[in-house]
Amino acid sequence: MCYRCGKCCSWFSVTVSEEDVNREPRLLDHVWAVAEVPPCKTKTYMVENGHPYVLKKSAPHSPCVFLSEGDPATCLIYETRPDVCRKSPTCTRRRTPEEENSNEMA
Ligand code: SF4
Ligand code: SF4
């Protein structure tokens with residue numbers, strides 16, 4: 001369950017597959033090819049073998065470009081977000097009834 005704090009969308013670098021790009025073409029405007037990722041920009045990957053892209057970051061733990069930071073944080077491409085984001089969250093808190101009826105973060 002998810003608090004929608006947005007920290008995972010800042011802490012991790014998101015790997016992106018061709019399938020993700022086909023579902024959400026706007027991803028291509030914000031990715032590095034994996035082989036070209038500047039080491040100073042990313043530290044922690046949501047590793048998925050065979051994914052050709054990583055979402056760009058201005059610094060290792062800067063927010064994802066698609067994260068609208070607020071309370072709660074919101075993914076601007078929630079319906080078409082990458083698969084690694086769909087596999088989150090790893091947190092365990094139960095959502096409130098209001099959260100159950102809202103646009104979940106992850
Ligand atoms: S999964 Fe939810 S609660 Fe956990 S870090 Fe991400 S946004 Fe926050
Ligand atoms: S695409 Fe959405 S869910 Fe994935 S890291 Fe970015 S803001 Fe978070």
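This is a short talk on the fold, the core and a few chosen residues of one protein model.

Okay, let's start. What you see is a predicted model. Mean pLDDT for the protein is 79. Of its residues, 72% reach 70 or more. Confidence varies by element. Helix α2, residues 18-23, has the highest mean pLDDT, at 95. Strand β3, residues 45-46, has the lowest, at 52. Keep that in mind when you look at β3.

Now the overall layout. We have 4 helices and 6 strands. Along the sequence the order reads α-β-α-β-β-β-β-β-α-α. The protein has 106 residues, and 27% of them count as buried. Look at the contacts too. Take those between residues at least 6 apart in sequence: 70% of them join residues at least 24 apart.

On to the core. The largest nonpolar core holds 16 residues. Which residues have the most contacts inside it? They are Val14, Val16, Val31, Val54, Leu55 and Cys64. Four elements give two or more residues to this core: α1 (8-11), β1 (13-16), β4 (53-55) and α3 (83-86). The top contributor is β4, with 3 residues. As background, nonpolar side chains in soluble globular proteins tend to be buried together.

Let's zoom in on β1. Its side chains split two ways. Ser13 and Thr15 point one way, Val14 and Val16 the other. Buried or exposed? All of them are buried. The general rule here is that side chains in a regular strand alternate between the two faces of the sheet. The partner is β4. The two strands, β1 and β4, pair in the antiparallel sense over 2 bridges. One bridge to find on screen: Val16 in β1 with Tyr53 in β4.

Next, Cys64. Leave aside residues up to four places away in sequence. Then Cys64 touches Cys9, Ser10, Val14 and Leu55. Cys64 also turns up at ligand 2. There are 11 residues around that ligand, and the ones that come nearest are Cys9, Cys64, Leu67, Cys75 and Cys85. What is the make-up of the shell around ligand 2? It has 10 nonpolar residues, no polar ones and 1 charged.

Now three loop residues, for contrast.

First, Ala73. It sits in the loop between β5 and β6 (74-75). Ala73 has 21 other C-beta atoms within 10 Å, so it is buried. The cut-off for buried is 20 or more. Ala73 and Lys7 are 66 residues apart in sequence, yet 8.9 Å apart in space, C-alpha to C-alpha.

Second, Ser62, in the loop between β4 and β5 (67-68). Why is Ser62 partly exposed? Because 13 other C-beta atoms lie within 10 Å. Beyond its neighbours up to four places away in sequence, Ser62 touches Ser10 and Lys57. Ser62 and Ser13 are 49 residues apart in sequence and 9.3 Å apart in space, C-alpha to C-alpha.

Third, Asp29. Find it in the loop between α2 and β2 (31-33). Asp29 is exposed, because it has 8 other C-beta atoms within 10 Å. The cut-off for exposed is 12 or fewer. Asp29 and Leu55 are 26 residues apart in sequence and 9.1 Å apart in space, again C-alpha to C-alpha.

To close, one thread to follow on screen. Start at Val14, which is among the residues with the most contacts in the core. Step to Cys64, which touches Val14. Then go on to ligand 2, where Cys64 is one of the residues that come nearest. Thanks.

Conventions:
Residues are numbered from 1 along each chain as its sequence is written. Chains are lettered from A and ligands numbered from 1 in the order in which they are written. This is a predicted model: local features need pLDDT of at least 70, side-chain atom pairs count only at pLDDT 80 or more; totals for chains, interfaces and linings use all residues. A nonpolar core is a set of buried Ala, Val, Leu, Ile, Met, Phe, Trp, Tyr and Cys residues joined through C-beta atoms within 7 Å. Two residues are in contact if their C-beta atoms, placed from the backbone, lie within 7 Å. A residue is near a molecule or strand if its C-beta atom, placed from the backbone, lies within 6 Å of it. Ala, Val, Leu, Ile, Met, Phe, Trp, Tyr, Cys and Pro count as nonpolar, Asp, Glu, Lys and Arg as charged, and the others, Gly among them, as polar. Two strands pair if DSSP finds at least two bridges between them. pLDDT is the predictor's confidence in each residue, from 0 to 100.
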